Amino acid sequence: MPTPPHAETARLKISEAITLRYEKSGHGAPLLLLHTIRTQIEYFRELAPLLAQGYTVYAIDLPGHGHSPIDRRAPFDEPYFREAVIGFIEKLDLNGVTIIGESIGGALALTVAAALPQRIARVFAINPYDYDIRYGDGIRRGNTFANVIIGSLQVPVLGAVNAALENEMVLGKIMGGGFHDRRKLPPDLLAEFARVARRPGYKQAARKVLAGWRSWGEARDLYPHVSAPVTLIYGDSDWSRPDERERTRALLNTRMITLEDTGHFSALENPPELAHIVLGG
């Protein structure tokens, strides 16, 4: 899959247990892109080149995602991912960082900002996934198919069968529930997600992310400690409900922008508008 012009891909060892694949492009102040569950740096293939016009953009594969190594012993909950992102920023000694995250990446952008106030300049939290009240709650809101598949993963026998049978078509139906217009999910990108999912241990790691659903809600406890300016962005067709959005906005005491005709996967469905908000913000 092609990378944005002038992009360099490398790996960074954060600790004995964590190594992250990342992509660097552009020039200027540092900007960190954090993707969501079951995706990877290619998720930002349309957004990253736009942002690279004004920033040095770092897009990372979160632990166990994309082509970052998978530590099967890891919990894959919010504190674990937060530790990895903090380690990345500190290893590269990045300062004045703008963090943009989508879904679980949006929640991470906020918790990392709370933990590293001296290094973070701004935060753009897009559709932060911080509202689950059960296993995979947000994803299950996408459509009936996703509800059945995600719900079955809680049952050991059924979960093992579904994980084994998951293919590009199944993944497409589940992810399609996160779009206002599901035609915006590029077939070649879906094929890449499905190919990466065949890595040993990948689906088990994804299931651990869902199993740690309480940790994403608990992440909200850190939001009031974010001192950097925050812009909260939601697609009008995001899985979150109006009261959940307002709860997060109130904790952050910030402005909230709503993107029209946009679902949960905004970086794929509406990258020009996201870039306009960031570059003009």
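Helices and strands are here DSSP runs, a helix of at least four residues and a strand of at least two, numbered from the N terminus. With that convention, Ser 103 can be placed in the loop between β5 (97-102) and α3 (104-115). The model in which this residue sits is a predicted one, and what follows should be read as a description of that prediction.

The overall fold comes before the details. The protein chain has 13 helices and eight strands, and its C-alpha trace spans about 50 × 40 × 35 Å along the principal axes. For 281 residues a compact globule would have a radius of gyration near 19 Å, and the 17 Å of the protein chain agrees with this. Of the 281 residues, 61% count as buried. Among the contacts with a separation of 6 or more, 71% are accounted for by residues 24 or more positions apart. At the surface, the protein chain exposes about 11500 Å², of which carbon and sulfur atoms supply 53%. The chain carries 32 positive and 32 negative charges, and the mean positions of these two sets are 5 Å apart.

Let us return to Ser 103. Its phi is near 65°, a positive value in a residue other than glycine, and, because its relative accessibility of 1% falls under the 20% limit, Ser 103 counts as buried. A comparable description applies to Asn 127, which is found in the loop between β6 (120-126) and α4 (137-140). The phi of Asn 127 is near 45°, again a positive value in a residue other than glycine, and with a relative accessible area of 0% Asn 127 is buried.

Helix α3, which follows the loop that holds Ser 103, contains Thr 111. Thr 111 has a relative accessible area of 0% and is therefore buried. Leaving aside its neighbours within four places in sequence, Thr 111 is in contact with Glu 78, Arg 82, Ala 219, Leu 222 and Tyr 223. From Thr 111 to Tyr 43 the C-alpha to C-alpha separation is 21 Å, with their positions 68 residues apart in sequence.

Tyr 43 leads to the aromatic residues of the model. The count of aromatic pairs comes to 12. In one of them, the rings of Tyr 43 and Phe 265 have centres 6.3 Å apart and planes at 75°, so this pair is edge-to-face. The pair links distant parts of the chain, since Tyr 43 lies in the loop between β3 (29-34) and α1 (47-51), whereas Phe 265 lies in the loop between β8 (255-259) and α12 (266-269), 222 residues apart. Both Tyr 43 and Phe 265 are buried. Phe 265 also forms an aromatic pair with Phe 179, and this one is tilted, with 5.3 Å from centre to centre and 35° between the planes. Here too distant parts of the chain are linked, with Phe 179 in the loop between α7 (168-176) and α8 (187-196), 86 residues from Phe 265. Phe 179 is buried, as is Phe 265. Ring pairs link Tyr 43, Phe 44, Phe 179, Trp 239 and Phe 265 into a cluster.

The loop that holds Phe 179 lies between α7 and α8, and in α8 the residues Leu 189, Leu 190, Glu 192, Phe 193, Ala 194 and Val 196 are buried. The elements that cover these buried residues of α8 include α7, α9 (202-211) and α12.

Two loop residues on either side of β7 complete the picture. Ser 237 lies in the loop between β7 (230-235) and α11 (242-252), and its relative accessible area of 29% makes Ser 237 partly exposed. Not counting residues up to four places away in sequence, Ser 237 touches His 180, Thr 262, Gly 263 and His 264. The C-alpha atoms of Ser 237 and Asp 181 are separated by 9.7 Å, although the two residues are 56 residues apart along the chain. Pro 224, in turn, lies in the loop between α10 (213-218) and β7, and with a relative accessible area of 48% Pro 224 is partly exposed. Pro 224 and Leu 252 are 28 residues apart in sequence, while their C-alpha atoms are 5.6 Å apart in space.

Methods
Residues are numbered from 1 along each chain as its sequence is written. This is a predicted model: local features need pLDDT of at least 70, side-chain atom pairs count only at pLDDT 80 or more; totals for chains, interfaces and linings use all residues. Side-chain values use heavy atoms; hydrogens and water are left out. The radius of gyration is taken over C-alpha atoms; the globule rule is 2.2 Å times the number of residues to the power 0.38. Buried means under 20% relative accessible area, exposed over 50%, partly exposed in between (1.4 Å probe, protein chains only). Contact means heavy atoms within 4.5 Å. Accessible areas come from the Shrake-Rupley method with a 1.4 Å probe; for residues, only the protein chains shown count as cover. Lys and Arg count as positive and Asp and Glu as negative; His and the chain ends are not counted. The place of a charge is taken as NZ of Lys, CZ of Arg, CG of Asp or CD of Glu. Rings of Phe, Tyr and Trp (its six-membered ring) pair if their centres lie within 6.5 Å; planes under 30 degrees apart count as stacked, over 60 as edge-to-face and the rest as tilted.
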